[in-house]
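Subject: Structure handover

Hello,

Here is the structure I promised to pass on. Please open it alongside this note. My findings follow below.

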Amino acid sequence: MNKNPYEVLGVARDASDADIKKAYHKLVMKYHPDKNPGDKSAEEKFKEVNNAFDILKDPQKRAAYDRFGDAAFAGGNGASAGAGNPFGAGFSGFAGGAGMDDILREAMRGFGFDGFGGFGGARGGMDMNRGRDLLDNVTISLRDAYFGTTHTVKFSSNVTCDKCNGNGTDDGKPAPKCPRCGGSGVVQMRQGFFAVEHPCPECNGLGRKISKKCSKCDGTGVVHKQRTLDVKIPAGVADGARLRLSGQGEAGQNGAAPGDFYIDVHVAVDDKFERVGDDLIYRADVPFATLALGGEIDVPTIDDKELSVKVPAGTQIGARLRVRGKGMPNSRGGFGDMYIEIAMTVPTKLTEKQKKALAEFAGGSKSSKKSWF
Ligand SMILES: [Zn+2]
Ligand SMILES: [Zn+2]
């Protein structure tokens, strides 16, 4: 019986993929057997964490779990500890039964993990050769975050060899199955009492045996190339958002799935507008007389326009005037609001007439404070 995967990873039901991965990486490091030698409960936890992530990382499995609970996986992954193997059948979710080292290597990669099998995955050893994920950073202005923008990344990475279509073979056709592992890419080896699965040494986990290698890529199926990616950054993007371009990472070796390209978006602090969620705050300096008597002020908007806003008589410093729909675009297709936070300008140059008027006001407000407003 599997435990509730959300509870195991300590994430909410509606946790994002990024949060799930974050929680998983933290826990898998904590409970890794190398860090807890001989600790049975850590080993158990490690299994649980991997099983939980196996479900939640896969949109289909996650949806199935949300609908049917554990019954969705009855007879499939999880449960029934395998005889001999210290980590039991709990790992059966990892297609082709990748060895411990591979699982750790995947965990160390920081992202992804998507490589291991799909639903009930049986993609064999191929996935061990999945291309690496790539990560880039960009800082954009608040204005660009409002309108959305395109960020161009230039980098070099492995791409599928065009001479052999990624097969690594001289004739460009898929190589025949490896006779030693029968195409699974893994072989069982005994280590003391345990049978442990290793990548097949004959085919290096590929599952296929190349007799004559492609001359361009030396049989790897990939070549290094300069690339340019235009990343569309959507309007309303939040500071710290991580965008994922599926399949745009490094090409996988010998036809294995490519990695993903991630981009972390930072939105710079703006000197005019403060962003709070979808809303924007603009601090306006308003003359004292306008606040007291009421009037209109012109304020800039994030979309480069100017807005005339009514200030009611008797508006106090620190008050916020709300302008609907003038904030940032939100994920629901609408816009947040703009709040004009009222500050006051104190006049530094006064005419004699103005000075007199103010002095009269000050005297008047002292003797009959209440009658003024
Ligand atoms: Zn093999
Ligand atoms: Zn090639």
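How many bridges join strand β9 to strand β13, and do they run parallel or antiparallel? Eight bridges join the two, and the strands run parallel. Strand β9 covers residues 279-287, and strand β13 covers residues 338-345. To find the pairing on screen, start at Tyr 282, which stands opposite Ile 340 in β13.

Before the rest, one caution: this is a predicted model.

Overall content

The chain has 373 residues, and 34% of them count as buried. It holds eight helices and 13 strands. Take the contacts between residues at least 6 apart in sequence: 63% of them join residues at least 24 apart.

The four-stranded sheet

Strands β9 and β13 belong to an open sheet of four strands. The order is β8-β9-β13-β12, and the pairing is mixed. Strand β8 (273-276) lies at one edge and β12 at the other, each pairing on one side only. From one strand to the next, the twist averages 30 degrees.

The mixed pairing shows up around β13. Its link to β9 is parallel, whereas its link to β12 is antiparallel. Strand β12 takes in residues 320-323 and is joined to β13 by four bridges. Two pairs mark the register. Val 323 has Met 338 of β13 as its bridge partner. Arg 322 stands opposite Tyr 339, also in β13.

The three-stranded sheet

A further open sheet has three strands in the order β1-β7-β6, again with mixed pairing. The edge strands are β1 (134-140) and β6 (241-245), and each pairs on one side only. Here the twist averages 25 degrees from one strand to the next.

Strand β7 spans residues 261-267 and runs parallel to β1, with seven bridges joining the two. Within that pairing, Val 138 has Val 265 of β7 as its bridge partner.

Look at Tyr 262 while you are there. This residue sits in strand β7. Is Tyr 262 buried or exposed? It counts as buried, because it has 21 C-beta neighbours inside 10 Å and the cut-off for burial is 20 or more. Tyr 262 also brings together distant parts of the sequence: Asp 136 is 126 residues away along the chain, yet the two C-alpha atoms are separated by 6.3 Å.

The helix pair

Now to the helices. Helix α2 (residues 17-30) packs with helix α3 (residues 40-56). Their axes are 10 Å apart, at an angle of about 160 degrees. That angle makes α2 roughly antiparallel to α3, because angles over 145 degrees count as such. The crossing of α2 and α3 is left-handed.

Which residues meet where α2 and α3 pack?

- From α2: Ile 20, Tyr 24, Leu 27 and Val 28.
- From α3: Phe 46, Val 49, Asn 50, Phe 53 and Leu 56.

By class, this contact has eight nonpolar residues, one polar and no charged ones. The polar residue is Asn 50.

Where to look

For a quick tour, take three stops. Begin at β13, with β9 running parallel to it and β12 antiparallel. Go on to Tyr 262, buried in β7. Finish at the left-handed crossing of α2 and α3.

Best wishes

Note on methods
Residues numbered from 1 in each chain as written. Chains lettered and ligands numbered in written order. Predicted model: local features only at pLDDT ≥ 70, side-chain atom pairs only at ≥ 80, totals over all residues. Pairing = 2+ DSSP bridges. Axes fitted to C-alpha atoms, helices over the stretch in contact; angles between N-to-C directions. Buried ≥ 20, exposed ≤ 12 C-beta atoms within 10 Å, placed from the backbone. Contact = placed C-beta atoms within 7 Å. Parallel < 35°, antiparallel > 145°, perpendicular 65-115°, else oblique. Left-handed = near helix turned anticlockwise from the far one by under 90°.
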